[in-house]
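Please open the structure in a viewer and display it as a ribbon. This tour proposes a series of selections and explains what each one shows.

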Amino acid sequence: MQQYYVTTPIYYVNDEPHLGHIYTTIAADVLARHQRLNGKDVFFLTGVDEHGQKVQQAAEARGIAPIELADQVVERYQSLWPELEITHDDFIRTSSERHKKGVLAMWRRLENAGAIYKDFYEDWYCVPCETYWTETQLKDAECWEDRHCPDCGRDVEKVQEESYFFRLSAFQDQLVAHIKANPDFIAPASRRNEVLSFVEGGLNDLSVSRTTFSWGVPVPDDEGHVVYVWIDALTNYLSALGFPDQEVPKYWPADVHLIGKDILRFHAVYWPCMLMAAGLPLPRRVFAHGWWTVEGEKMSKSKGNALRPAELLKQYDADVIRYFLLREVPFGQDGDFSFDALKQRYNTELANDVGNLLNRSLAMLNKYRSGVLGAVDVEQEMDRALIADVEGMQRDVDAAMHKQAFHVALERINEVVRHGNRYVEDNAPWALAKAEDDSRLDTVLYHLVETLRLVAVQLLPFMPVKMKHMLEQIHNGETGTESMLFADIGGWGLLKPGHRCSKPSPVFPRME
Ligand code: MSP
């Protein structure tokens with residue numbers, strides 16, 4: 001069976017989950033569900049990043065041990081995911097023994113490959129980003145005057161300490177060659193160009209250990225050093241799969257690492273170079289999505305305006321949140337979250353379009369045919385056009401999902417829904433029902449219900465609960481969707497004459 005491995009970043013435990021965290025995780029879940037329906041053997045990984053100076057400082061500020069803070073925040077993530085219908089196959093904690101074992105093995109491999117050496121680090125560090133900056137980089141980015149981080153704008157601090165280094169510079173040419181030979185490796189294309197020019201601009205060796213705090217994985221045989229948190233964190237993608245017990249574990253290499261644009265350099269530069277040094281295959285793709293603002297403003301801890309998932313879930317079903325986040329903004333671009341936009345999209349695309357098509361079709365089927373589908377008589381041009389559109393949708397959605405173009409997939413599905421509603425108007429079933437020979441009515445109702453069923457099947461990964469509800473009406477309450485595959489349920493013509501549907505019950509009631 002073909003395998004599919006999708007990952008999210010592992011989230012820092014210094015803060016509670018917010019909109020940015022659920023965004024990536026929902027996107028990964030939709031891909032995982034889509035590929036499961038495609039019959040693939042899917043492994044979907046998420047987890048938390050517990051080590052590093054930032055987490056240690058956050059714990060100190062609360063007067064608790066880092067592991068206590070981690071335990072509290074882990075609990076928040078683990079209880080949140082089921083509420084958002086997230087179906088991850090594993091949840092990795094970097095404080096776990098299995099992970100630490102993976103980090104040690106990775107370190108040893110880098111060391112054995114001659115890619116690690118000891119020296120002295122004297123430059124700058126951004127704790128919130130857990131990123132090293134050279135004086136030159138700060139000067140180039142015009143951050144020298146007030147010594148702030150070129151990425152996040154917060155203060156950087158001077159670090160002067162003995163440190164191990166990773167020979168990043170030695171992999172520059174190999175990485176450039178890999179990026180050029182694999183156009184799909186980094187997406188979207190703008191990000192790929194950004195990385196390419198960064199790498200071509202020259203890579204410096206990377207400091208990969210710290211001695212001035214202790215919350216991390218100790219460097220083997222030199223325990224005054226802890227492994228740099230990014231070397232530690234990136235290794236999660238392998239340790240969760242059973243590395244090093246399995247040298248190249250099942251599911252590796254990843255099909256796609258989904259990340260935010262702010263952590264692209266770690267995933268598209270450091271991580272592939274580490275893997276090259278360790279002699280392991282590189283992930284197939286790294287996709288960097290954009291950032292959300294909320295009601296026009298950047299979310300920030302100091303402003304206290306981070307949008308919390310609990311607040312969203314109080315007002316909206318998980319499926320509606322899932323749909324909105326992936327529909328509103330092309331994946332890869334920045335976007336703004338607003339409650340008005342959510343309501344508007346919901347009312348137009350879900351309540352008016354999908355909901356209306358379902359309600360009117362099942363209502364007419366029940367009114368005119370007691371809920372039972374009749375036989376298709378002669379197919380007309382407009383029937384064939386609808387079938388062709390539905391079949392085209394299935395191909396187009398799969399292609400879009402292959403490129404993580406969720407918004408394209410959803411728009412394509414919506415196109416079919418609008419086509420379905422036009423088909424109702426064009427055929428006017430209420431008039432057909434009055435005709436002396438009303439056999440055309442059966443053909444029209446059949447095409448509507450079959451279109452709705454296939455729309456629901458394609459929407460299952462996005463809105464699993466609502467689409468199950470919709471499919472249950474189409475299947476008269478009988479069919480669960482758990483073990484279904486596109487191959488079994490995704491083709492036109494599954495419903496047979498005599499098939500009974502329930503009366504409609506609203507899946508997307510209008511929001512006032
Ligand atoms: N621990 C690292 C990742 C290690 S992966 C080996 C980390 N954690 S994080 O908790 O700070 O951020 C996780 C993700 O949240 C990042 O992908 C980041 O892009 C995303 N987001 C944080 N704020 C965001 C928005 N406002 N909008 C969208 N995503 C955002 O980085």
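A residue is called buried if its relative accessible area is under 20%, exposed if it is over 50%, and partly exposed in between (1.4 Å probe, protein chains only). The model is predicted, so local features need pLDDT of at least 70 and side-chain atom pairs count only at pLDDT 80 or more, while totals for chains, interfaces and linings use all residues. Residues are numbered from 1 along each chain as its sequence is written, and side-chain values use heavy atoms, with hydrogens and water left out.

**Stop 1: a loop residue**

Select Asn476, which lies in the loop between helix 18 (464-474) and helix 19 (486-489). Helices (H or I, at least four residues) and strands (E, at least two) are DSSP runs, numbered from the N terminus. Is Asn476 buried, exposed or partly exposed? Asn476 has a relative accessible area of 29%, so it counts as partly exposed. Its phi is positive, about 55°, although Asn476 is not a glycine.

**Stop 2: the six-stranded sheet**

Next, select strands 3, 2, 1, 12, 13 and 7, which in that order form an open sheet of six strands with parallel pairing. Two strands pair if DSSP finds at least two bridges between them. At the edges are strand 3 (90-93) and strand 7 (186-187), each of which pairs on one side only. Helix 1 packs on this sheet and touches strand 1, strand 2, strand 12 (256-260) and strand 13 (286-289). Its direction makes about 170° with that of strand 1. Here contact means heavy atoms within 4.5 Å. For such angles, axes are lines fitted to C-alpha atoms, for helices over the stretch in contact, and the values run from 0 to 180 degrees between N-to-C directions.

Now restrict the view to strand 1 (residues 3-12) and strand 2, which run parallel and are joined by eight bridges. Gln3 stands opposite Asp41 of strand 2, and Tyr5 has Phe43 of strand 2 as its bridge partner. How many of the nine residues of strand 2 (residues 41-49) are buried? Nine of the nine are, so strand 2 is largely enclosed by the rest of the structure.

**Stop 3: the loop after strand 1**

Continue to Val13, in the loop between strand 1 and helix 1. Val13 counts as buried because its relative accessibility is 0%. Leaving aside neighbours within four places in sequence, Val13 is in contact with Val48, Asp49, Glu50, Val55, Leu69, Ala70, Val73 and Val74. Add Tyr77 to the selection: it is 64 residues from Val13 along the chain, yet their C-alpha atoms are separated by 9.4 Å.

**Stop 4: the four-stranded sheet**

Select strands 5, 4, 6 and 8, which in that order make an open sheet with antiparallel pairing. Strand 5 (131-133) and strand 8 (206-207) are at the edges with a single partner strand each, so one side of each has no neighbour in the sheet. Strand 4 (residues 116-126) and strand 5 run antiparallel and are joined by three bridges. Show Tyr125 and Tyr132 as sticks: Tyr125 stands opposite Tyr132 in strand 5.

**Stop 5: two cis peptide bonds**

Move to the loop between helix 9 (236-239) and strand 12, where Pro244 lies. A cis peptide bond joins Phe243 and Pro244, with omega about 10°. Pro253 is also placed in the loop between helix 9 and strand 12, and the peptide bond from Trp252 to Pro253 is cis, with omega near 5°.

**Stop 6: a pair of helices**

Finally, select helix 14 (residues 381-402) and helix 15 (residues 406-427), whose axes are 8 Å apart and make an angle of about 170°. Helix 14 is therefore roughly antiparallel to helix 15; angles under 35 degrees count as roughly parallel, over 145 as roughly antiparallel, 65 to 115 as roughly perpendicular and the rest as oblique. Among the residues making the contact are Leu386, Val390 and Met393 of helix 14 and Ile413, Val416 and Tyr423 of helix 15.

Colour helix 14 by accessibility: its buried residues include Asp383, Ile387, Gln394 and Val397. What covers the buried residues of helix 14 includes helix 1 (19-37), helix 15 and helix 17 (439-459). Helix 14 is followed by Gln404, whose phi is positive, near 55°.
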